[in-house]
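Biologist: Could you walk me through this structure? I am new to it and would like to begin with a single residue.
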Amino acid sequence: MYPRDVRTYVARPLTREAFAPFGHVLEITPALGEGTSVNMGTARRHNAVLEVENLRPNAKLNVAAFRCQPSTPGKFPVVEVEKHPHSGQLFVPLNATRYMVAVAHGQDTPDLDTLEVFLAHGRQGVCYGPGIWHQPMIVFDVETDFSCFVWEDGTKEDCIPYLLPHDQIVTVEL
């Protein structure tokens with residue numbers, strides 16, 4: 001029998017400040033200021049609220065759509081993560097109520113000592129910074145659609161998946 005590295009994390013609310021080491025939170029809050037009146041006064045526009053970074057000159061912006069099936073809130077295993085070493089990746093929820101965001105730093109493998117888990121509400125988008133390990137989306141309550149913006153050039157460097165070893169068990173409690 002192999003020794004196991006068992007870790008349990010509790011999800012905390014997603015905030016700009018807490019998520020800053022991993023990327024950006026897209027959310028209209030008073031911190032953005034008043035914005036500019038547009039559309040004959042029926043809307044307020046906030047420019048340059050975040051950047052989806054592109055570290056490759058030949059990459060093209062891929063606007064993708066994801067439809068995620070809901071999970072039952074509770075305890076979740078983290079078994080697979082991925083990273084996009086040359087691009088940020090922005091997820092904008094179209095109809096979410098809440099979803100989980102698990103992120104970590106690390107070069108060739110995720111550094112579980114840096115793992116953070118957040119619970120986002122439906123009016124928040126997340127933009128993972130280039131090279132940030134993150135778990136695929138786990139959504140709650142309803143089937144949830146996301147728009148996704150990521151710079152890709154068609155190579156395997158677009159997305160690098162990683163399966164945690166069997167001797168590492170990571171679970172998340174909501």
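Biologist: Is Q124 buried or exposed?
Modeller: This is a predicted model. In it, Q124 has a relative accessible area of 2%, and because the cut-off for buried is under 20%, Q124 counts as buried.

Biologist: Where is Q124 found?
Modeller: Q124 belongs to the loop between β12 (116-121) and β13 (125-128).

Biologist: With which side chain does the side chain of Q124 make a polar contact?
Modeller: The partner is the side chain of E27, at 3.3 Å. In addition, a polar atom of the Q124 side chain lies 3.0 Å from the backbone oxygen of L14.

Biologist: And which residues is Q124 in contact with, leaving aside its neighbours within four places in sequence?
Modeller: Those residues are L14, V25, L26, E27, P93, Y99 and L119.

Biologist: Let us change topic to the sheet. In what order do the strands of the open sheet come?
Modeller: The order is β3-β13-β10-β16-β6, which makes 5 strands with antiparallel pairing.

Biologist: Which strands stand at the edges?
Modeller: The edge strands are β3 (23-26) and β6. Each has a single partner strand, so one side of each is left without a neighbour in the sheet.

Biologist: By how many degrees are neighbouring strands of this sheet turned against each other on average?
Modeller: The average is 15°, with direction ignored.

Biologist: How do strands of a sheet pair in general?
Modeller: They pair through backbone hydrogen bonds, either parallel or antiparallel.

Biologist: Over how many bridges do β6 and β16 pair?
Modeller: Those two strands pair over 9 bridges, in the antiparallel sense.

Biologist: Which residue in β16 does N62 stand opposite?
Modeller: N62 faces V150 of β16.

Biologist: Now the backbone angles. What is phi of A48?
Modeller: Phi of A48 is about 50°, a positive value although A48 is not a glycine.

Biologist: Where is the place of A48, and is A48 buried or exposed?
Modeller: A48 sits in the loop between β5 (43-45) and β6 (60-68). Its relative accessibility is 80%, and because exposed means over 50%, A48 counts as exposed.

Biologist: What about D141: what is its phi?
Modeller: Phi of D141 is near 80°, which is also positive in a residue other than glycine. D141 is found in the loop between β15 (138-140) and β16 (144-152).

Biologist: How does D141 count in terms of relative accessibility?
Modeller: D141 counts as partly exposed, at 42% relative accessibility.

Note on methods:
Residues numbered from 1 in each chain as written. Predicted model: local features only at pLDDT ≥ 70, side-chain atom pairs only at ≥ 80, totals over all residues. Heavy atoms only, no water. Helix = DSSP H or I, 4+ residues; strand = E, 2+ residues; numbered from the N terminus. Buried < 20%, exposed > 50% of the residue type's maximum accessible area, 1.4 Å probe, protein only. Polar contact = N/O pair within 3.5 Å; in protein donor to acceptor, adjacent residues only side chain to side chain. Contact = heavy atoms within 4.5 Å. Pairing = 2+ DSSP bridges. Axes fitted to C-alpha atoms, helices over the stretch in contact; angles between N-to-C directions.
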